[in-house]
Number of protein chains: 2
Amino acid sequence: MDDKNISQAVIARLPRYYRYLGDLKDNGIERISSQDLSKLMKVTASQIRQDFNNFCGFGQQGYGYNVEYLYNEIAKILGLNEKHNLVIVGAGNLGQALANYMNFERRGFLIKGIFDNNPGLCGKDVRGIGVQHVDKLEEFIKKNDVDIAVLTIPKEGAVKTAEVLVKCGVKAIWNFAHVDLNVPDNIVVENVHLSDSLMKLSYGIVNKKQ
Amino acid sequence: MDDKNISQAVIARLPRYYRYLGDLKDNGIERISSQDLSKLMKVTASQIRQDFNNFCGFGQQGYGYNVEYLYNEIAKILGLNEKHNLVIVGAGNLGQALANYMNFERRGFLIKGIFDNNPGLCGKDVRGIGVQHVDKLEEFIKKNDVDIAVLTIPKEGAVKTAEVLVKCGVKAIWNFAHVDLNVPDNIVVENVHLSDSLMKLSYGIVNKKQ
DNA sequence: AACATATTGACAATCATTTAACAGAATTGT
DNA sequence: ACAATTCTGTTAAATGATTGTCAATATGTT
């Protein structure tokens, strides 16, 4: 992997490319040009070519890009060819909703355990997985080779819990708590701040061009 | 409102400022300089000043920014001083989780109705709100002055449903379906593509600096 | 009241991203 | 087999975002 420093803007666009290429593949399309893809996705063809070239040229002059090949290459770049074990920390509504959402499993994100600090929830079954008490988190993570923790607890305990997770050895935290975590540089944090998103939407309504 | 064109990058940062200012306010802090805020939030002081200046100068030389005033001004910019009525379309796990999450209501986002096309779910009670069949969506939206629809249905029906919602007169769609909606320019769409987020996280793990 | 200090707003400089342009390679059609 | 066409990869230009600097202005101190 020539792992220079690819800009975050490019990385953030890859999942969308991946989605469109998957659709094309499912429709039996074998090849596509940057121009046609640009029309489909409503971005410039130049950006598409520029983006893919960060990963040393998947296309061919006069032909375009092979859909299936490109699809698979992007999967590799995104690490979707590897399996990831994950635990959900926080078995509230959101935690349970994520656990019940099957599609992540199909992409290789395997839910190994669900944890909560509320004894009332422990033992409850969520899609065949029993909710355990957070006391057992550390042992479980080590034993089950977990690399991703999904943090779906209220913001009050999130920073502390994140620190525990890091100590247990997780490599990445998918953070749904509405707070900035404080973890070492080598830990990957991906934030999903739903209320931020809703506020942006609200801004859009109020400041509509019309 | 001098409503020039403020960059999306700035808007995207406002909710985070708002969160930090709220915390400061709750801790009884009355004023803060861009420098102190920069240390707290780990962004440059220059960016903070630049950002706030898009909205014509909330600060004062030699003093800094008044926390409460700034907090309230950002709320206004984000439209949080206005109430928004919303409906949730899709009463699956995610739809129910969002309905159960009280905090949005505190910010003025009032859940007026929940809809699903599955007759089996209709009548089910979610936090005091009965799930209705989508047939009743149009009438309900008009009668209840709904301006935001939360779209939590599988991607297959999402594009069609979004078109219906637009016809019914919603101003904005908070889209959790994993597909790009096709709506007129004056309709605000805020996407929350959870699998995209998870893929970015996966990229981070695989291409870790370490 | 005068001086030292703090701190913004504005502008300039740097850095990053996006778009445009085009040479050159592969494909297609005749 | 040759010419016309289609496209990419690459380089250059344009645009946009972030950071650094500093004069101007307020506050705080003596």
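What follows is a chat about a predicted model of two protein chains and two DNA strands.

Student: Let's start with the DNA. Which residues are closest to DNA strand D?

Tutor: The closest are A:Ser34, A:Asn53, B:Arg13, B:Ser46 and B:Gln50, out of 23 residues that surround the strand. Both chains are in that list.

Student: And what share of the DNA strand D atoms within 4 Å of the protein is sugar and phosphate?

Tutor: Sugar and phosphate make up 59% of those atoms.

Student: Okay, give me some atom-level detail. What does A:Asn53 sit next to on DNA strand D?

Tutor: A phosphate oxygen: a polar side-chain atom of A:Asn53 is 2.8 Å from it.

Student: Which part of DNA strand D does B:Gln50 reach with its side chain?

Tutor: A base oxygen, with a polar side-chain atom of B:Gln50 lying 2.6 Å away. B:Gln61 also has a side-chain N or O atom 3.5 Å from a base nitrogen of DNA strand D.

Student: Which helix gives the most to the surface near DNA strand D?

Tutor: Helix 3 of chain B, with 4 residues. Helix 3 of chain A, spanning 45-53, supplies at least two residues there as well.

Student: How does that surface split by residue class?

Tutor: Near DNA strand D you get 17 polar, 4 charged and 2 nonpolar residues.

Student: Switching strands. How many residues surround DNA strand C?

Tutor: There are 26, and the closest are A:Ser46, A:Gln50, A:Gln61, B:Ser34 and B:Asn53. Of the DNA strand C atoms within 4 Å of the protein, 60% belong to sugar and phosphate.

Student: Which side chains have a polar atom by a phosphate oxygen of DNA strand C?

Tutor: Among them are A:Arg13 at 2.9 Å, B:Asn53 at 2.8 Å and B:Tyr65 at 2.9 Å.

Student: Which helix gives the most here, on the surface near DNA strand C?

Tutor: Helix 3 of chain A, with 4 residues. Helix 3 of chain B supplies at least two. By class, the surface near DNA strand C holds 18 polar, 5 charged and 3 nonpolar residues.

Student: New topic: the two protein chains. How many residues of chain A are in contact with chain B?

Tutor: 55 residues of chain A, and they contact 55 residues of chain B. The area buried between the chains is about 5400 Å², with carbon and sulfur atoms giving 65% of it.

Student: How many salt bridges are there between chain A and chain B?

Tutor: The count is 6. One of the salt bridges pairs A:Asp180 with B:Arg16, where the closest N and O atoms are 2.8 Å apart. The chains also have 19 residue pairs in polar contact, with both residues at pLDDT 80 or more.

Student: Which element gives the most to the side of chain A that touches chain B?

Tutor: Helix 9 of chain A, with 13 residues. That side of chain A divides into 29 nonpolar, 14 polar and 12 charged residues.

Student: Last one, A:Thr152. Where does A:Thr152 lie in chain A?

Tutor: In the loop between strand 7 (148-151) and helix 8 (155-168).

Student: Is A:Thr152 buried or exposed?

Tutor: Buried, because its relative accessibility is 10% and the cut-off for buried is under 20%.

Student: What does the polar side-chain atom of A:Thr152 lie 2.7 Å from?

Tutor: The backbone oxygen of A:Gly90. Leaving aside neighbours within four places in sequence, A:Thr152 also has contacts including A:Ile88, A:Leu94, A:Leu98 and A:Phe176.

Note on methods: Residues numbered from 1 in each chain as written. Chains lettered and ligands numbered in written order. Predicted model: local features only at pLDDT ≥ 70, side-chain atom pairs only at ≥ 80, totals over all residues. Heavy atoms only, no water. Near = heavy atom within 4 Å. Polar contact = N/O pair within 3.5 Å; in protein donor to acceptor, adjacent residues only side chain to side chain. Nonpolar A, V, L, I, M, F, W, Y, C, P; charged D, E, K, R; others polar. Contact = heavy atoms within 4.5 Å. Buried area = accessible area lost by both parts, 1.4 Å probe. Salt bridge = Lys/Arg side-chain N within 4 Å of Asp/Glu carboxyl O. Buried < 20%, exposed > 50% of the residue type's maximum accessible area, 1.4 Å probe, protein only.
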